[in-house]
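Grab the model and a pencil: here are a few exercises on strands and how they pair. Try each task before reading its solution.

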Amino acid sequence: MIKKQKFPRILGKYFKNSYKINELKYVFMVFPLFCGSHQVLAQTTILNTPRLKGMDNFRDVAGIDTAYKTEHNGVMRSGVFYRSNVITPVGDDLQVMQQLNIGKVIDLRTDSEIAATPDTIPPNSTYSHINIIGNQNSVVTLDIGNLTASNVNIMMEQTERSFVTDSHAREGFGQEFRELANADSASVFHCTAGKDRTGWTAAVLQSIAGVSSQDIMDNYLATNTYTAARVDATVAKLPASMQPAYREILGVRSNWLQAGFDQVATSYGTMDNYLKQGLGLDQATIYVLRGKMVRYASLPGQENFRGNAARGAALLTALQDSPLSGRYTAYNYYLQSAIDQGSLNGLERRVGGQVYADAASYLLRQPSRINDLLMPVLTGRDLQVGKTSFWMQGLSNYMATDSRSGYNSSNEYTGGTVLGFTHRFNQKFSINGGLGYNYGNVNSDGGRVTTNSGFVTLGGNYGFKGLDNSGPWLRAQANIGYVNYQSERSLDNGFGSANGNTSGAYYSGRASAGWLIKSGKVSIDPSVGIQVTRLQLGRIREKGSELALNMARFDHTQTSLVADVNMAFAPMQTGQWILTPGVTVGYERILSNPQITQYGSMYNIGVNQASVFNNPNVYKAGLNLTAKKGALSFRGMVDYYGAGLNSHGVNGMLGATINF
């Protein structure tokens with residue numbers, strides 16, 4: 001260890017100003033290099049960091065003139081961490097620091113340095129003292145009588161290495177990084193000259209961010225430019241023989257910082273090991289620091305996503321500008337892990353809430369399915385004039401829509417019961433009415449919506465030549481329903497489940513015209529009509545997850561053309577039962593956009609998701625059988641329906657009717 005000697009008296013006549021004397025005293029000790037600041041989420045590419053009058057080495061860690069680019073298509077955020085020399089503001093410096101939102105000052109100096117030149121911190125900011133070189137084992141000193149540029153160079157390399165090897169220094173840096181990670185505002189870190197302790201801090205932060213080694217070194221060496229005027233003035237007051245050594249010690253050299261990085265490789269192998277094993281930082285803290293400092297223009301695989309997946313990835317990208325980023329949140333940990341792993345792990349398909357669009361699409365199409373299944377018991381053709389039938393129908397249907405690029409697959413299930421009546425007033429006219437309940441659920445890649453709905457159905461039939469005679473007829477049916485709506489989205493990736501609920505209503509009507517044709521052993525009943533359904537759902541405020549969505553109100557009307565051909569064959573007697581088989585084929589053309597879009601948001605960032613169901617052409621074909629014995633009859637029906645090549649489903653109905 002080189003012995004430190006007394007401050008030479010000759011220097012006193014060159015430095016009347018106490019600040020300069022304190023500055024020169026500092027050159028006989030380790031020069032801290034680090035300064036920093038943290039403002040949560042501001043980002044610009046061009047940096048206009050103000051130059052402060054009292055702190056000439058004050059600057060943004062994000063870059064000099066432009067923000068540094070990082071690995072994985074990232075850019076350093078400005079206004080997060082600032083580095084500086086001792087905080088001795090002049091003029092409006094404090095006001096400027098306030099405008100920069102600097103709310104935390106971390107002082108890396110020794111007690112004696114602070115006593116000589118205390119900080120003057122901005123109002124409403126917090127101050128933290130972390131003595132990096134307070135332990136004598138971590139201090140490298142100089143023999144003043146033998147001060148040369150060469151031994152200054154050796155001493156500063158040793159100093160940088162001691163930041164990595166000395167346990168006290170590592171403890172201090174670890175505490176500093178944890179405080180920076182927990183800061184809620186911009187932060188500035190500093191030592192005396194703002195170059196050694198401050199410089200190492202800045203270099204490690206930029207390494208965490210993924211800045212190139214060349215940019216890290218350029219930022220380190222920028223101290224020579226920022227402090228040139230002050231160094232020139234200081235050195236000019238010294239004897240010529242002392243000037244080379246003191247110019248050396250007041251500046252920085254690339255081999256000094258490189259010595260620190262080389263020591264990291266020697267002692268720990270990698271920077272990540274140094275951060276975790278040497279400084280005691282956990283992965284979450286490292287990720288918080290990186291989230292504060294870096295914004296990624298795109299996330300892994302984002303350029304290849306389509307449809308809902310692309311919109312979900314865009315939402316995950318935009319959330320970097322939300323309070324979730326750069327803090328100890330599941331989102332920040334997920335995002336940084338995804339960057340390292342090169343995969344969003346499927347969250348892009350779930351985060352936007354496609355299941356809400358799928359559920360709305362399902363609810364809009366469901367009244368048409370109900371009309372299809374109930375129509376045989378609503379006509380009144382099997383009733384005598386003045387008679388009434390009471391019926392109960394159990395309804396069930398299932399449909400699955402396959403996934404396609406950017407859209408999750410979905411499946412829909414419905415089970416329900418309808419109790420009703422049909423009354424035939426005369427030969428030509430009948431009416432019907434019923435009360436029903438439907439349970440439905442829609443599933444889509446971790447999302448599930450369940451619906452419980454009660455509805456009323458009312459309608460009438462008119463046959464110009466009689467309801468059960470060959471000839472033209474008209475039919476009208478209306479449904480009004482109330483919907484109770486529950487949702488759950490399992491997001492995985494540490495986000496748990498988001499749950500929501502709402503209520504709504506639907507209004508549906510179908511008007512049809514047809515022509516009954518009876519010919520021998522078969523009757524054919526073709527028809528065409530129009531189906532209109534309006535669905536209204538209230539807002540949904542999800543809870544239970546950081547990625548909970550706020551879903552907007554939904555109000556949409558869907559219009560379809562429907563065409564059906566029902567064929568009934570000649571009844572067959574089996575004991576006391578009369579069996580009547582039938583065949584149904586049909587087509588429905590959705591006139592409005594069949595793909596339904598739902599809008600949601602989180603942290604004022606919006607996202608649209610569209611239903612995977614998107615085909616306007618729906619085809620139906622099925623079989624039915626009616627078994628009648630006296631006033632009692634049973635009817636079963638099953639049919640297939642599909643939309644394009646991706647959507648396939650089956651309807652089922654089983655019911656009983658009694659005539660009075």
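**Exercise 1.** Work out the strand order and the edges of the open three-stranded sheet.

Solution. Step one: the order is S2-S3-S8, and the pairing is antiparallel. (Strands are DSSP runs of E, at least two residues, and helices are runs of H or I, at least four residues, numbered from the N terminus; two strands pair if DSSP finds at least two bridges between them.) Step two: S2 (69-70) and S8 (294-296) each pair on one side only, which makes them the edge strands. Step three: S2 meets S3 (residues 74-76) through two bridges, and threonine 70 has glycine 74 of S3 as its bridge partner.

A word on the source: this is a predicted model, where local features need pLDDT of at least 70, side-chain atom pairs count only at pLDDT 80 or more, and totals for chains, interfaces and linings use all residues. Residues are numbered from 1 along each chain as its sequence is written, and side-chain values use heavy atoms, leaving out hydrogens and water.

**Exercise 2.** Find the strands that pair with S20, and count the bridges for each.

Solution. Start with S18 (residues 554-569): nine bridges tie it antiparallel to S20 (residues 577-590), and methionine 567 sits opposite valine 583. Next, S19 (residues 572-574) pairs antiparallel with S20 over three bridges, with methionine 572 facing leucine 579. Finally, S23 (residues 617-629) pairs antiparallel with S20 over 12 bridges, and there proline 581 stands opposite leucine 625.

**Exercise 3.** Which residue takes a positive phi in the hairpin of S19 and S20?

Solution. Look at the two residues between the strands. Glycine 575 has the positive phi, near 65°.
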